[in-house]
Amino acid sequence: MEGSSTLCIITIEYDKYCKNNRKRRYSMNKRKTILWLAVILWLVLIFILSAQPVHKSNGLSKAIAEKIIEFIKKIFPKENINLGRFNHYLRKTAHFFAYMILGILMMNVLKIIGVDGGKRIILALLICIIYAISDELHQLFVLGRGAQVKDVIIDTMGALVGIGLSKKCRKMP
């Protein structure tokens with residue numbers, strides 16, 4: 001009798017282990033799916049924004065710039081802000097932040113698929129740079145747009161900051 005009760009306990013414990021392990025695997029697979037989906041959606045968003053003809057893209061950023069300037073003028077009414085220059089800086093800042101987010105997303109997805117350490121940093125950066133270059137080349141075929149090395153550099157700097165932030169946050173308790 002004692003042997004069968006031991007066997008039952010082992011079986012019950014094994015069943016619990018399998019159930020927990022399945023939950024863990026399901027949770028990990030779900031997380032992988034969500035992270036990959038986030039990366040893909042972000043890449044698609046960058047592509048869609050880059051596919052806009054210059055008049056549409058510039059119109060969108062100008063509308064945002066006007067709202068920001070309007071807000072600034074409420075705080076500093078005497079401030080004279082050049083819309084064209086402000087819009088230019090806003091567009092370059094958007095490049096930076098778009099690729100900063102891409103850098104963070106790439107670090108997360110590479111971590112969850114098991115790429116560790118320096119390899120993850122290099123691979124995340126390479127993917128971001130290659131996408132930035134392909135994005136600029138894509139713009140050669142968009143009405144009124146062109147490829148700019150300066151934008152690839154800004155994108156790369158954004159990706160580096162995102163990768164750095166990702167590494168820094170992982171070290172925090």
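A residue is called buried here when its relative accessible area is under 20%, and exposed when that value is over 50%. With this cut-off in hand, the predicted model can be read helix by helix.

The protein chain contains five helices and zero strands, and its pattern along the sequence is α-α-α-α-α. Of its 173 residues, 28% count as buried. Contacts across the sequence are also informative: among those between residues at least 6 apart, 72% join residues at least 24 apart. The accessible surface of the chain amounts to about 11800 Å², and carbon and sulfur atoms contribute 69% of that area.

Helix α2 offers a convenient place to look at burial in detail. This helix runs over residues 54-75, and its 22 residues should span 32 Å at 1.5 Å a residue; the C-alpha atoms at its ends lie 31 Å apart, in agreement with that expectation. Which residues of α2 are buried? Ser57, Ser61, Ala65 and Ile69 are. These four cover an arc of only 90° around the axis, which places them on the same side of α2. The spacing fits the general geometry: an α-helix has 3.6 residues a turn, so residues three or four places apart point the same way. The other side of α2 carries exposed residues, namely His55, Lys56, Lys67, Phe71 and Lys74. As for what covers the buried residues of α2, helix α3 is included.

Helix α3 also takes part in one of the two salt bridges that the structure holds. Here lysine 92 pairs with aspartate 151, and their closest N and O atoms are 2.6 Å apart. Lysine 92 belongs to helix α3 (residues 83-112) and aspartate 151 to helix α5 (residues 149-171), so this pair ties together parts that are 59 residues apart in sequence. Are these two partners buried or exposed? Both lysine 92 and aspartate 151 are buried.

A salt bridge also joins the side chains of arginine 120 and aspartate 116, with an N to O distance of 4.0 Å. In this pair, arginine 120 has a relative accessible area of 4% and is therefore buried, whereas aspartate 116, at 47% relative accessibility, counts as partly exposed. The value for aspartate 116 stays below the exposed class because that class requires over 50%.

How values were computed: Residues are numbered from 1 along each chain as its sequence is written. This is a predicted model: local features need pLDDT of at least 70, side-chain atom pairs count only at pLDDT 80 or more; totals for chains, interfaces and linings use all residues. Side-chain values use heavy atoms; hydrogens and water are left out. Helices (H or I, at least four residues) and strands (E, at least two) are DSSP runs, numbered from the N terminus. Buried means under 20% relative accessible area, exposed over 50%, partly exposed in between (1.4 Å probe, protein chains only). The expected span of a helix is 1.5 Å times one less than its number of residues. The arc is that of the directions from the helix axis to the C-beta atoms. Contact means heavy atoms within 4.5 Å. Accessible areas come from the Shrake-Rupley method with a 1.4 Å probe; for residues, only the protein chains shown count as cover.
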